[in-house]
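Trainee: I would like to learn how to read the helices, strands and unusual bonds of a protein model, one feature after another. Could we go through an example together?

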Amino acid sequence: MVPEDLDWTRIGMELDSVGHAVVGPLLDGETCKALSELYGQDSPFRSRVVMERHGFGKGEYKYFSHPLPDPIVALRAPLYRRLAPVANRWAAAMGLDTRYPAEHAEFLERCHAAGQTRPTPLLLKYGPGDYNCLHQDLYGETVFPLQVAILLSAPGTDFTGGEFVLTEQRPRMQSRATVVPLGLGEAVIFAVDQRPVQGSRGPYRVRHRHGVSPVRSGARYTTGIIFHDAA
């Protein structure tokens, strides 16, 4: 499925109301397998992170280098184009001065001018007992407020456990957690950091984090499409 075929009216409403939306599948099974198999290679990547060494959880991930894989290239700019209006609507509601250009190439120019030049799309690998602590993928001062995670493994067949988890922290309230079920090739679009929520006295900001619960068996691969580059 190409981004233009998605129901962007529904997606926009769900992003506004709960901070995330499930879409797709964006990638077919063959493409998911091909991307997962890249993990064993060195050349497509600029760095590898072992989560346990940094207190991020257990498991590991690699950041792609340029040129990015064709399936990532085919999705990154078109998804950004559709999400930029949401990002601008959120910024206006929260009283922020930032506005996002219509095209991803223009936004990357802004990132690079701020010293954020390293590509951020990544491939994550989890085995039994691995998990990802709740976190935010910020990488610098220039941040696009939405990102995408695509599941490359089939739940119940390739792995068990390993649920995608989102939390929302509202002012003076305890955090609310949501488990987001995904199928092979499906994606979740979600808030990177904060989004506006309409209250009785006007909009207020809520903060989001995301992570992955422990994998019970098998191997779970995910690719993340982050729209800002890293410092």
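Mentor: Let us begin with the idea of an axis, which is a line fitted to C-alpha atoms, for helices over the stretch in contact, with angles running from 0 to 180 degrees between N-to-C directions. Keep in mind throughout that this is a predicted model.

Trainee: At what angle do α1 and α4 pack, and how far apart are their axes?

Mentor: Two packed helices are described by the angle between their axes and the distance between the axes. Here α1 and α4 pack at about 40°, and their axes are 11 Å apart. Angles under 35 degrees count as roughly parallel and those from 65 to 115 as roughly perpendicular, so α1 is oblique to α4. The crossing in which α1 passes α4 is right-handed.

Trainee: Which residues of α1 and α4 meet?

Mentor: On the α1 side you will find W8, G12, L15 and D16, and on the α4 side L79, R82, L83, V86, R89 and W90.

Trainee: How does α4 pack with α5, and which residues make the contact?

Mentor: You can read this pair in the same manner. The angle between α4 and helix α5, which covers residues 104-113, is about 95°, and the axes are 9 Å apart; α4 and α5 are therefore roughly perpendicular to each other. The contact is made by R76, A77 and Y80 from α4, together with H104, F107 and L108 from α5.

Trainee: What span does α4 reach, and where does α4 bend?

Mentor: To judge a span, set it beside the value expected from the number of residues. Helix α4, residues 70-93, has 24 residues and reaches 35 Å from its first C-alpha to its last, which is close to the 34 Å expected at 1.5 Å a residue. There is nevertheless a bend of about 40° at L83, with a proline, P85, following within four residues. After α4 comes G95, whose phi is positive, near 70°.

Trainee: In what order do the strands of the open sheet stand, and which ones are at the edges?

Mentor: Read a sheet from one side to the other, noting each strand's neighbours as you go. Seven strands form this open sheet, with antiparallel pairing, in the order β1-β11-β7-β15-β5-β4-β2. The edges are taken by β1 (20-23) and β2 (45-50), each of which has a single partner strand, so one side of each is left without a neighbour in the sheet. From one strand to the next, the twist averages 20°.

Trainee: How many bridges join β7 to β11, and what lies across them?

Mentor: Five bridges join strand β7 (residues 146-151) to strand β11 (residues 187-191), and the two run antiparallel; A149, for instance, has V188 in β11 as its bridge partner. Helix α1, residues 8-18, lies across β1, β7 and β11, and runs at about 145° to β1.

Trainee: Which peptide bonds are cis, and what is their omega?

Mentor: Look at omega for each bond, and then at where the proline sits. The bond from G24 to P25 is cis, with omega near 15°, and P25 is in the loop between β1 and α2. The bond from H66 to P67 is also cis, with omega near 0°, and P67 is placed in the loop between β4 and α4.

Note on methods: Residues are numbered from 1 along each chain as its sequence is written. This is a predicted model: local features need pLDDT of at least 70, side-chain atom pairs count only at pLDDT 80 or more; totals for chains, interfaces and linings use all residues. Side-chain values use heavy atoms; hydrogens and water are left out. The expected span of a helix is 1.5 Å times one less than its number of residues. The bend at a residue is the angle between axes fitted to the seven residues ending there and the seven starting there. Two strands pair if DSSP finds at least two bridges between them. Contact means heavy atoms within 4.5 Å. Angles under 35 degrees count as roughly parallel, over 145 as roughly antiparallel, 65 to 115 as roughly perpendicular and the rest as oblique. A crossing is left-handed if the near helix is turned anticlockwise from the far one by less than a right angle, and right-handed if clockwise.
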